[in-house]
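Let's take a friendly walk through this structure together. Please have the sequence and the 3D view open side by side as you read.

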Amino acid sequence: MFDFCTNPESLSGLSWLACYLTTGKHLAIYWSVGTVLLLLAITAPAALLFGFCGATAARSGVAPLRWLGRGYIAVVRGVPDIAFFLFFVIALDQGIEWLRHKVKCPDWDQPIRQGNDFVVCAEAKMPLGNAAQWVHETYGFSLAVLTFAIVFGAFAANVLFGAMRAVPRAQMETAEAYGMSPRQSFWRILVPQMWVYALPGLSNLWMVLIKATPLLFLLGVEDIVYWARELGGAKTARFTDYPHPDWRMWYFFALLVFYLLFTRVSEVVLDRVMKRLTHGQATAGGEAQRKAA
C-alpha cells in the first residue's frame, strides 16, 4: 500500500481511488483471479482425462466397462450442474470423514447421523479443526477441481465418443489390412484423427467451463464473484476507512470485461489449434487449407 494512504480522510480523487484499490481486501480479489485461472489450468486437462477414459469405456467391447462408461456420461450429463455440485461435494466430504472416523475412532459409541447433523470425532475431521488456513483452502480447492473435472469430464466424454465414431471406418480397415492390432489402430489411427472432429465440441465446453467458475462460491472457495459482491456493496465509515455507496454494478462490469477478454483470447488460441489439426486432414477445413496453399 502507498505511504500516503495512512490517512484516507485527507485524500481525494485519484489518490483516494489508488489507495482504495490497494487495500488488503482488494488484494484478495486480485489473488482470486489467480485462483480461477489455476482452477481452469488444472480442471481442463483433468476433465479431458475423465472424458477420454469415459469415451474409451463407452466404446469398449467389454459389456460391464461399456455400461460404466455410458452410465457415467448419461447420469452426470442428466443432473443439473448446481445440484451435482451441492450433492457430490457434501457426499464426498462426509464419505471421507466417515472412513477416517471408522479408522481413527473405533470405540465411538454415538450415532454419526444425529437428525440433520453429521457428527464424527474430532480426529476424523477433514481437514482438522486446528489445521492452518491454507490447508482448509487447499482442501476446498481440491474438492472443487475434482467436482468440475467429473462434471465436465462427462460432457467431454460425450464429445470424444462422437468424435471417435466420426473417424472414417475406412481408416480403421486400412490399419487392420496392414496388420495392426486393435490397440495399435486405436492409438495410431483413431486417437490422432479424432481430435479434429472433437475440437469444436471441446471448444464450446471450454467456454462453458469458463462461465461456470462462479460456481466456486457454492463449494466454499472465495472467487472473484464473491469478492466483487463483497467489496462492491455499500460501506459506511463505521466499518471501513474507505466508505462508498453501492458499487456492485462497477465491480460486476469489471468481471464482464475480464470474462469477455478471456474468452476472446481463448477463441484465438482455439482457432489456431483447429487450423493446425486440420492441416493435411481429409476434412472441409483441411481441404480449404489445401486449396488456399
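The paragraphs below go from the whole chain to one helix pair and then to two single residues.

Keep in mind as you look around that this is a predicted model. The chain has 293 residues, and 35% of them are buried. Ten helices and two strands make up its secondary structure. If you trace the chain along its sequence, you meet these elements in the order α-α-α-α-β-β-α-α-α-α-α-α. In other words, four helices come before the two strands, and six helices follow them. Contacts between residues far apart in sequence are well represented too: of the contacts with a separation of 6 or more, 66% join residues 24 or more positions apart.

Now turn to a pair of helices, H2 (residues 24–58) and H3 (residues 63–78). Their axes come within 7 Å of each other and cross at roughly 130 degrees. Angles from 115 to 145 degrees count as oblique, so H2 is oblique to H3. The handedness of this crossing is left-handed. On the H2 side, the contact is made by Phe-50, Gly-54, Ala-57 and Ala-58. Helix H3 contributes Leu-65, Arg-66, Gly-69, Arg-70, Tyr-72 and Ile-73. Sorted by class, the residues of this contact are six nonpolar, two polar and two charged.

Next, find Thr-147, which sits in helix H5 (residues 133–166). Is Thr-147 buried or exposed? Its relative accessibility is 0%, and buried means under 20%, so Thr-147 counts as buried. Where does its side chain reach? The side chain of Thr-147 comes to 2.7 Å from the backbone oxygen of Leu-143. Once neighbours within four places in sequence are set aside, the contacts of Thr-147 are Phe-84, Phe-85, Phe-88 and Val-89.

The last stop is Trp-98, a residue of helix H4 (residues 81–104). Trp-98 has a relative accessibility of 40%, and because this falls between the 20% and 50% cut-offs, Trp-98 counts as partly exposed. Which residues does Trp-98 touch, not counting those up to four places away in sequence? They are Ile-112 and Phe-118. You can also compare Trp-98 with Val-119: the two are 21 residues apart in sequence, and their C-alpha atoms are 9.2 Å apart in space.

Key
Residues are numbered from 1 along each chain as its sequence is written. This is a predicted model: local features need pLDDT of at least 70, side-chain atom pairs count only at pLDDT 80 or more; totals for chains, interfaces and linings use all residues. Side-chain values use heavy atoms; hydrogens and water are left out. Buried means under 20% relative accessible area, exposed over 50%, partly exposed in between (1.4 Å probe, protein chains only). A polar contact is a pair of N or O atoms within 3.5 Å; within protein, one must be able to donate a hydrogen and the other to accept it, and residues adjacent in sequence count only if both atoms are side-chain atoms. Contact means heavy atoms within 4.5 Å. Axes are lines fitted to C-alpha atoms, for helices over the stretch in contact, and angles run from 0 to 180 degrees between N-to-C directions. Angles under 35 degrees count as roughly parallel, over 145 as roughly antiparallel, 65 to 115 as roughly perpendicular and the rest as oblique. A crossing is left-handed if the near helix is turned anticlockwise from the far one by less than a right angle, and right-handed if clockwise. Ala, Val, Leu, Ile, Met, Phe, Trp, Tyr, Cys and Pro count as nonpolar, Asp, Glu, Lys and Arg as charged, and the others, Gly among them, as polar.
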